[in-house]
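Trainee: Could you walk me through how to read a few features of a protein model? I would like the general idea and then the case at hand.

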Amino acid sequence: MKLDWRVAVFLLGTARAREMSELEALYREGLTPDIVIIDGTEVATLSQPLPQGREINRASWTANCTTVTSGHNCSQAFDGDSKTYWQSASSANSQNITIDLGTQNYAVSGLTVVPRQDEATALIEQHQIFLSVDNKTWDMVAYGTWWPDQSQKLSAFQPKKVRYVRLTAPAPNGIAIADIRVYESEFIVPDATLGAWGPTIDFPLVPVSGAVDASSGEVVAWSSWGYKIFTGGKGGKTQTATWNGKAKSVTRRSVTNTQHDMFCTGISMDVDGKFVVTGGNDGSQTSIYNTTVRDWFKGGSLYEFRDYQASTILSDGRIFLIGGSFQGGVGAKNGEVYDTKTEKWSKLDNALSSAMLTQDQRTYRQDNHGWIFGWTNGSAFQAGPSVQMNWFGTSGNGTTAPAGNRTGDADAMCGNAVMYDQGKILTFGGSPWYETSEATNNAAIITIDKVNQSASVLPNAGGGMNYKRTFHSSVVLPDGSVFVHGGQVVGLPFNESQAQMTPELFIPDTKAANGGTWVKQQKNSIVRVYHSISLLLQDGTVFTGGGGLCGDCDANHFDGQIYTPAYLLKPDGSLRDRPNIKTVTSGPVQPGGSVEVTTDGPVDSQVSIIRYSSNTHTVDTDQRRIAVQLNQSGENKYTFNIPAEPGIALPGYYMLFVLKDGTPSHSVNVKVAAT
């Protein structure tokens with residue numbers, strides 16, 4: 001087996017220098033590449049960064065367990081000998097270990113768990129982690145599913161000052177722990193005016209890609225052929241996991257029926273909410289996730305092998321792709337369009353990828369991750385990351401037309417672009433080259449209207465971000481603000497140096513000369529850089545997760561975390577009362593059509609519809625917010641209109657949020673029909 005030299009450089013960045021033969025030995029499927037010595041025993045690890053801070057001394061710990069088996073009591077989980085272990089009885093009920101740290105002066109930030117090492121039995125998969133001050137009132141800070149092997153497990157979470165730590169897990173065959181360690185870090189003072197972090201959701205894979213299922217509200221996440229690695233030529237399958245926030249569950253599945261390694265793909269949601277996933281490690285494949293039956297199906301084959309391409313749905317419901325030279329040859333990755341009804345791709349030879357190239361030092365990077373937005377008349381607008389902007393037409397053989405330059409900025413590879421209102425695109429961050437060049441804090445507001453006309457650009461939006469960022473992710477929120485999270489100062493794949501830990505919020509202001517303001521939010525304790533994602537959820541919170549997927553790179557994050565924006569919180573941190581949508585017009589609504597809404601009380605006159613989204617590799621062209629004006633038709637009864645011109649509201653499912661004094665409701669689905 002040989003690795004393409006570009007993949008090797010990509011994996012190693014600037015910091016690694018191992019022989020290729022040694023690397024290949026690490027990439028065998030099913031084996032964990034790293035070994036650490038824990039209490040004299042060799043233990044496999046998943047190359048995860050330990051929870052921030054330091055390990056808490058275990059000398060004064062005491063513990064209680066729900067059950068024990070003979071010779072394997074509670075204290076053997078932390079006795080300094082990994083050959084001994086606590087083992088619970090087999091039980092239909094969950095079993096737990098509760099640790100008394102001896103004092104409440106610890107800001108607990110995470111834990112690690114080593115399963116029994118002599119046999120692969122009594123493994124912990126599903127689990128919950130609770131913290132308590134008094135051993136009476138418990139706060140769940142993490143839950144989810146770990147990969148079922150004997151490697152060291154880890155959960156990291158926002159630090160809390162507590163004395164007691166509890167790990168709970170189902171125990172049909174009992175559970176066994178050979179070593180457990182707890183970590184403390186700097187205490188981050190809660191401030192509800194800046195939002196709040198938690199809980200953490202542990203995944204059995206690194207969630208590099210993800211999308212929200214409009215039917216269930218679940219997050220479907222995936223990595224590559226491996227749950228911790230993407231290299232090595234093991235294509236033809238993908239590790240996936242589905243998080244259900246209501247049930248607080250994470251279920252895993254290996255998808256093999258589409259013969260598609262869905263790493264580095266383009267992702268778009270079609271008119272029915274299905275995920276259309278294209279290219280990537282298996283560069284000519286298309287996979288479709290049907291949210292009605294919650295299953296994956298094989299789609300039509302692409303004409304071009306593509307990897308890191310741009311993707312968007314069009315006003316008529318077709319899917320448009322362009323770029324993607326990370327695989328299958330460099331250059332001439334011109335447009336293609338997919339008819340979801342016939343399941344066939346058509347070439348658009350005159351939709352030219354050469355128009356969107358950056359000046360990256362690596363030619364195979366120059367057409368990666370285009371900022372593409374579907375618009376009217378079957379067009380797609382390209383806002384970046386190149387300085388030059390373009391319009392692509394999709395009729396006949398396609399067309400390409402310049403749209404002007406994004407002034408006040410250089411190429412911004414791995415920056416973000418978000419349509420936060422009708423025709424308004426906020427761009428921010430990124431760097432001139434995909435990696436090894438310093439990021440910027442530049443921001444701009446791009447306004448588009450008529451197809452093939454130059455876009456209007458407002459540089460220095462909000463005065464620029466507070467922090468330089470690349471490899472970050474972002475989400476448009478129901479109140480029209482844009483939440484930006486993670487990233488680092490210099491883009492180094494699989495290296496977490498100079499990571500930005502404080503998110504920020506762009507608050508638009510049409511009266512301000514620079515278009516708005518950037519405001520710092522609550523600091524986080526988990527690094528999110530390369531291969532991390534963010535998604536807006538139906539309840540108005542934000543899912544963030546991932547980072548890594550690089551085997552032995554010490555940057556793998558097998559988790560996600562929930563951020564609750566300040567608009568949902570009272571000053572004391574408790575939840576605000578929220579408006580409630582009682583009914584909404586059912587069935588698809590045509591462009592220009594009217595939607596009827598009833599609420600449980602008066603609401604603000606302006607509401608938001610936000611398209612469901614998908615995210616990978618800094619790119620989320622599905623998300624789009626449109627502010628609509630309510631017209632009152634009776635007591636707590638309102639109507640609003642979908643924009644009349646098809647493509648302003650792209651076809652598909654939207655989350656409708658009504659607001660009261662800036663606090664959003666839980667969303668209700670509205671479907672915009674394709675013309």
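**Backbone, cavities and a strand residue**

Mentor: Happy to. Let us begin in a loop: Asp554 sits between β39 (542–546) and β40 (559–564). Keep in mind that this is a predicted model.

Trainee: Which sign does the phi of Asp554 have?

Mentor: The general idea comes before the case. Most residues other than glycine have a negative phi, and most peptide bonds are trans. Asp554 is not a glycine, yet its phi is positive, at about 65 degrees.

Trainee: Is Asp554 buried, partly exposed or exposed?

Mentor: Asp554 counts as partly exposed because its relative accessibility is 45%, and the partly exposed class runs between 20% and 50%.

Trainee: What is the phi of His617, and where does that residue lie?

Mentor: His617, also not a glycine, has a positive phi of about 50 degrees. Its place is the loop between β44 and β45 (625–629). With a relative accessible area of 4%, His617 is buried, since the limit for that class is under 20%.

Trainee: And the peptide bonds: which ones should I look at for cis geometry?

Mentor: Look at two that precede prolines. Gly198 and Pro199 are joined by a cis peptide bond, with omega about 0 degrees. Pro199 belongs to strand β13 (residues 196–202). The bond from Gly384 to Pro385 is cis as well, and there omega is near 5 degrees. Pro385 is in a loop, the one between β27 (380–382) and β28 (388–393).

Trainee: Now for the empty space. How many cavities of 30 Å³ or more are there?

Mentor: Rolling a probe the size of a water molecule over the atoms shows where empty space is left. In this model the count is seven cavities of 30 Å³ or more. The largest cavity has a volume of about 120 Å³.

Trainee: Which residues lie nearest the centre of the largest cavity?

Mentor: Of its 16 lining residues, the ones nearest the centre are Thr265, Gly266, Ile267, Thr616 and Val619. You can also read the lining by strand: β18 (266–269), β22 (310–313) and β44 (614–616) each supply at least two residues. The biggest contribution comes from β44, with three residues. By class, the lining holds five nonpolar, 10 polar and one charged residue.

Trainee: What lines the second largest cavity, and how does its lining divide by class?

Mentor: That cavity holds about 60 Å³ of space. Its lining is made up of Leu46, Gln48, Trp146, Trp147, Lys153, Leu154, Asp202, Phe203, Pro204 and Phe558. Seven of these residues are nonpolar, one is polar and two are charged.

Trainee: Last one: how should I read the surroundings of a single residue, say Thr583?

Mentor: Start with its place, then its exposure, then its partners. Thr583 is part of strand β41 (residues 581–584). Thr583 is partly exposed, with a relative accessible area of 44%.

Trainee: Which residues does Thr583 contact, leaving aside its neighbours within four places in sequence?

Mentor: With those neighbours set aside, Thr583 is in contact with Glu596, Val597 and Thr598. The side chains of Thr583 and Thr598 also make a polar contact of 2.4 Å.

Trainee: And how far is Thr583 from Lys637, in sequence and in space?

Mentor: The two are 54 residues apart in sequence, while their C-alpha atoms are 9.4 Å apart in space.

Definitions and conventions:
Residues are numbered from 1 along each chain as its sequence is written. This is a predicted model: local features need pLDDT of at least 70, side-chain atom pairs count only at pLDDT 80 or more; totals for chains, interfaces and linings use all residues. Side-chain values use heavy atoms; hydrogens and water are left out. On a 1 Å grid over the protein atoms alone, a cavity is a set of points where a 1.4 Å probe fits but cannot get out, and a pocket is an open set with protein on both sides within 12 Å along at least five of seven lines; lining residues have an atom within 4 Å of a point. Grid points are joined across faces, edges and corners, and a volume is the space filled by probe spheres set on the points. Helices (H or I, at least four residues) and strands (E, at least two) are DSSP runs, numbered from the N terminus. Ala, Val, Leu, Ile, Met, Phe, Trp, Tyr, Cys and Pro count as nonpolar, Asp, Glu, Lys and Arg as charged, and the others, Gly among them, as polar. Buried means under 20% relative accessible area, exposed over 50%, partly exposed in between (1.4 Å probe, protein chains only). Contact means heavy atoms within 4.5 Å. A polar contact is a pair of N or O atoms within 3.5 Å; within protein, one must be able to donate a hydrogen and the other to accept it, and residues adjacent in sequence count only if both atoms are side-chain atoms.
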